[in-house]
Amino acid sequence: MPAGIRRRLEDIIRLCRHAEALAARGREWYDSDPELGVPHLAADSLVLKLGEAVRRLPEDFLRDRAEQPTWRRAVGMRNRLAHEYDAVDYEIVWQVISVHAADLRHHIETLLEDREGDPDP
């Protein structure tokens, strides 16, 4: 696997871990600031960055994984938060940080483990 792709995947893993750490604070914490919505904004930021990191992966890398919708969903969620910020469903954002981030992280870790012996072109 090329070093550039590996670095991007490792960055996605890092962002997923941050999302998981936010979710580990619990749903009560996530919904605890109705006035300013700071936990929601923190989750938004991570989901935006996560989607952008996936979007920056090479198109052929994403095309080769088209049967795994997680990649495109991450980019789609990023686009929704960035462009339709006034219509964000914070239940979906919660699902991303509390469930989907861990799934994506596990998937990428497995992919990297499977490619450990591959030489970089």
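Q: Let's start with a charged pair: are R78 and E52 buried or exposed?
A: One thing up front: this is a predicted model. To make the call, you look at relative accessible area, and anything under 20% counts as buried. Here R78 is buried, and E52 is buried too. For E52 the value is 15%, so it falls on the buried side.

Q: Which residues have side chains that meet E52 in a salt bridge?
A: The general idea is to look for a Lys or Arg side-chain nitrogen within 4 Å of a carboxyl oxygen of Asp or Glu. E52 pairs with R56, at 3.1 Å from N to O. E52 also pairs with R78, at 2.9 Å from N to O. That second pair ties distant parts of the chain together: R78 sits in helix α5 and E52 in helix α3, 26 residues apart.

Q: Which residues do salt bridges with shared partners join into one network?
A: When salt bridges share partners, you can follow them from residue to residue, and here they join R17, E20, R105 and E109 into one network.

Q: How many salt bridges does the structure hold, then?
A: The count is 12. Another one of interest is E91 with R27, where the closest N and O atoms are 2.9 Å apart. This pair also links distant parts of the chain, with E91 in helix α6 and R27 in helix α2 (residues 27-30), 64 residues apart.

Q: And why do E91 and R27 count as partly exposed?
A: Partly exposed is the band between the buried cut-off of 20% and the exposed cut-off of 50%. E91 lands there because its relative accessible area is 36%. R27 does as well, because its value is 30%.

Q: What about D44: how far away is the nearest side chain of opposite charge?
A: With a buried charge, you check for a partner. D44 is buried but has no salt bridge, and the nearest side chain of opposite charge, R80, is 10 Å away. D44 lies in helix α3, which covers residues 38-55. Leaving out residues up to four places away in sequence, D44 touches L81, V88, Y90 and V93.

Q: How do I read the packing of α5 and α6: at what angle do their axes cross?
A: Two packed helices are described by the angle between their axes and the distance between the axes. In this case the axes of α5 (residues 70-83) and α6 come within 11 Å and cross at roughly 145°. The crossing is left-handed. As for the side that does the touching, T70, W71, M77 and L81 in α5 meet I92, V93, V96, L104, H107 and I108 in α6. The contact residues divide into 8 nonpolar, 2 polar and no charged.

Q: Staying in α5, which residues does R72 touch?
A: Contacts are worth reading with the residue's exposure in mind. R72 is in helix α5, and it counts as partly exposed because its relative accessible area is 41%. Not counting residues up to four places away in sequence, R72 touches E59, L62 and R63. The C-alpha atoms of R72 and L62 are separated by 8.0 Å, with their positions 10 residues apart along the chain.

Q: Last one: is A102 buried or exposed?
A: Same approach as before. A102 has a relative accessibility of 16%, so it counts as buried. It is in helix α6, residues 90-114. Its C-alpha atom is 17 Å from that of Y30, and the two residues are 72 apart along the chain.

Conventions:
Residues are numbered from 1 along each chain as its sequence is written. This is a predicted model: local features need pLDDT of at least 70, side-chain atom pairs count only at pLDDT 80 or more; totals for chains, interfaces and linings use all residues. Side-chain values use heavy atoms; hydrogens and water are left out. Helices (H or I, at least four residues) and strands (E, at least two) are DSSP runs, numbered from the N terminus. Buried means under 20% relative accessible area, exposed over 50%, partly exposed in between (1.4 Å probe, protein chains only). Lys and Arg count as positive and Asp and Glu as negative; His and the chain ends are not counted. Contact means heavy atoms within 4.5 Å. Axes are lines fitted to C-alpha atoms, for helices over the stretch in contact, and angles run from 0 to 180 degrees between N-to-C directions. A crossing is left-handed if the near helix is turned anticlockwise from the far one by less than a right angle, and right-handed if clockwise. Ala, Val, Leu, Ile, Met, Phe, Trp, Tyr, Cys and Pro count as nonpolar, Asp, Glu, Lys and Arg as charged, and the others, Gly among them, as polar.
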